[in-house]
Amino acid sequence: MAATPRFRNDADAASDPGISEPAKSDRTHPVDETLPPLKMFTSGLQHVAAMYAGVVAPPMVVGPAVGLTPKETAFLVAASLFTAGIATLLQTLGFWRIGARLPFVNGVSFAGVTPMVAIGKDRGHEGIAVIFGAIIVASLLGFVLAPYFCKLVRFFPPVVTGTVITLIGVSLLPVAFNWSQGGNATADDYGSTTNIIMAAVTLVIVLALRKLLRGFLQQIAILLGLIAGTLIAIPVGITDFGAIKDADVVGFPTPFHFGAPQFEIAAIVSMCIVMLVCMTESTADMLALGKIVDRPADERTIEGGLRADTLGSALSPLFNGFMCSAFAQNIGLVAMTKVRSRFVVATGGGILIVLGLVPVAASVIALVPLPVLGGAGIVLFGSVAASGIQTLATAALEKGENALIVAAAVGIGLIPIAAPDFYHAFPKDLLVVLDSGISTGCVVAIVLNLAFNHLGRKPDEEEDAETVTEELANAAPVNVH
């Protein structure tokens, strides 16, 4: 059997004097490749388009809830774009032992929206200051815990990672369905035939472009589909140009614009819980992305990724941004386009910073109607779920209770999607975890895997399990198309 080619890490090769320059170049892993400038920019822009709505949604919810004016809320949006760019650069480029150095997009975590609204509701600038203080403390705690939290990777065999990756994709699909209906459930046209038809048209365009185009144009089919859908949406009447008219040409997120951070115990505890949820989801996302790009995420990678998450979150309030974490929707984009370069995503991070500094440029991206984004989102998020199913195919479901583990974890993980009010009687602090199907499904999969595959095992059974694990580790990686 031919030896599996070993791609190098740029940092590893640079420290290995025994590797000649030509050999180093030939063995560069696709994650570490740089593309021509035009391809780099358009592919990075495609990532920004895929995650833009997810970045601006939390500040648009939190701002009015705490009593900010529309102009102040717009300032929060710009700040969130700016800090998402910084966090993405930390994650993709990294320094020292910070950053996963994978094509990993970071942005404002939606997991913190509910507790942030509860903390700052109707308190104006004071509420924002308390939220920022709690985020800083929770982020610094997460940074300290990262070297220990990353060791959980050994509790993520294929039966767990496959389940979690599948749940990530399935949990994101309702977001695409909501966008397809218009995004605002209180709007008169929410769920209208016009919105849903536009989503369907965009979906068909994306699928047709993927089928008909070749090479680089096929890789940016999502971006081309979004552009085509937006152009079609203009005569239909669902493209809003108001954002461009009201946007400032240049703006900088002045540090501590809403005042110095304030520290309240209850708020800090709530955001610490959110941080643990974000770290759990980021760990699962890194494992998923590692599979997709054929660079499995080990403990060191996860430690660096969690440090980038938490450091980015700690710096974010300085520029009036919120807690940052991984954006799973962009994992679907990597899986679909097969563009694995982390420098493409770093370019997207640079674009986010520019959008944060030039609000009028950000408003151009905002021209993409949510129904158009929803049509493309169905493909993106479905690609993540498909990747999880491929991982489960290697999980030996016919052995032991692995199928039962998947059944229970997926079933419990789908509760927040299938029955959103299922946990309505539980304390609000618990809802931070329970309302995240990814978090609950991940915890259930880990606990059941320990119970069925580790606790009470006989020595010979453990040896068999190690053999199976080794065989899976040595198996050829699954490429996601």
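Where is Trp96 found? In this predicted model, Trp96 sits in the loop between helix H4 (70–92) and strand S1 (106–108). The views below start from the whole protein and return to that loop.

**Figure 1. Overview of the predicted model.** The secondary structure of the protein comes to 22 helices and 2 strands. Of its 481 residues, 52% count as buried. Consider contacts in the protein with a separation of 6 or more: 82% of these join residues 24 or more positions apart.

**Figure 2. The loop around Trp96, between H4 and S1.** Trp96 counts as exposed, because its relative accessibility is 59% and the cut-off for exposed is over 50%. Leaving out residues up to four places away in sequence, Trp96 touches Arg101 and Arg307. Gly304 is 208 residues from Trp96 in sequence. In space, the C-alpha atoms of Trp96 and Gly304 are 8.8 Å apart.

**Figure 3. Helix H7 (residues 158–181) packed with helix H21 (residues 437–453).** The two axes are 9 Å apart, at an angle of about 165 degrees. H7 is therefore roughly antiparallel to H21, since angles over 145 degrees fall in that class. The crossing of H7 and H21 is right-handed. H7 brings Val159, Val160, Thr163, Val164, Leu167, Ile168 and Ser171 to the contact. H21 supplies Gly437, Ile438, Gly441, Cys442, Ala445, Ile446 and Asn449. By class, the contact of H7 with H21 holds 9 nonpolar residues, 5 polar ones and no charged ones. An α-helix has 3.6 residues a turn, so residues three or four places apart point the same way.

**Figure 4. Helix H8 (residues 193–212) crossing helix H17 (residues 370–392).** The axes of H8 and H17 come within 7 Å. They cross at roughly 45 degrees. H8 and H17 are therefore oblique to each other. Their crossing is right-handed. On the H8 side, the contact residues are Asn195, Met198, Ala199, Thr202, Leu203, Val206 and Leu207. They meet Pro371, Val372, Gly375, Ala376 and Val379 in H17. The contact of H8 with H17 divides into 9 nonpolar, 3 polar and no charged residues.

**Figure 5. Asn195 in helix H8.** Is Asn195 buried or exposed? Asn195 is buried, because its relative accessible area is 2% and buried means under 20%. Asn195 and Pro371 are 176 residues apart along the chain. Their C-alpha atoms are separated by 5.5 Å. Asn195 touches Pro371, and also Ser180, Gln181, Gly182, Asp189, Tyr190 and Ile238, not counting residues up to four places away in sequence.

**Figure 6. Helix H10 (residues 221–236) and its C-terminal neighbour, Gly237.** How far should the 16 residues of H10 span? At 1.5 Å a residue, the expected span is 22 Å. The end C-alpha atoms of H10 are 22 Å apart, which agrees. The buried residues of H10 are Ala221, Ile222, Leu223, Gly225, Leu226, Gly229, Thr230 and Ala233. Gly237 follows H10 and has a positive phi, near 100 degrees.

**Figure 7. H10 packed with H17.** The axes of H10 and H17 come within 9 Å and cross at roughly 155 degrees. H10 and H17 are therefore roughly antiparallel to each other. Their crossing is right-handed. Ile222, Leu226, Gly229, Thr230 and Ala233 of H10 make the contact with Val372, Leu373, Ala376 and Leu380 of H17. By class, the contact of H10 with H17 has 7 nonpolar, 2 polar and no charged residues. Val372 and Ala376 of H17 also belong to the contact with H8.

**Figure 8. Asp294 and Asn320, two loop residues with positive phi.** Asp294 lies in the loop between helix H12 (265–292) and helix H13 (299–315). Its phi is about 65 degrees, although Asp294 is not a glycine. Asp294 is partly exposed, with a relative accessible area of 23%. Asn320 lies in the loop between H13 and strand S2 (324–326). Phi of Asn320 is near 70 degrees, a positive value in a residue other than glycine. At 0% relative accessibility, Asn320 counts as buried.

Notes:
Residues numbered from 1 in each chain as written. Predicted model: local features only at pLDDT ≥ 70, side-chain atom pairs only at ≥ 80, totals over all residues. Heavy atoms only, no water. Axes fitted to C-alpha atoms, helices over the stretch in contact; angles between N-to-C directions. Helix = DSSP H or I, 4+ residues; strand = E, 2+ residues; numbered from the N terminus. Parallel < 35°, antiparallel > 145°, perpendicular 65-115°, else oblique. Left-handed = near helix turned anticlockwise from the far one by under 90°. Contact = heavy atoms within 4.5 Å. Nonpolar A, V, L, I, M, F, W, Y, C, P; charged D, E, K, R; others polar. Expected span 1.5 Å × (residues − 1). Buried < 20%, exposed > 50% of the residue type's maximum accessible area, 1.4 Å probe, protein only.
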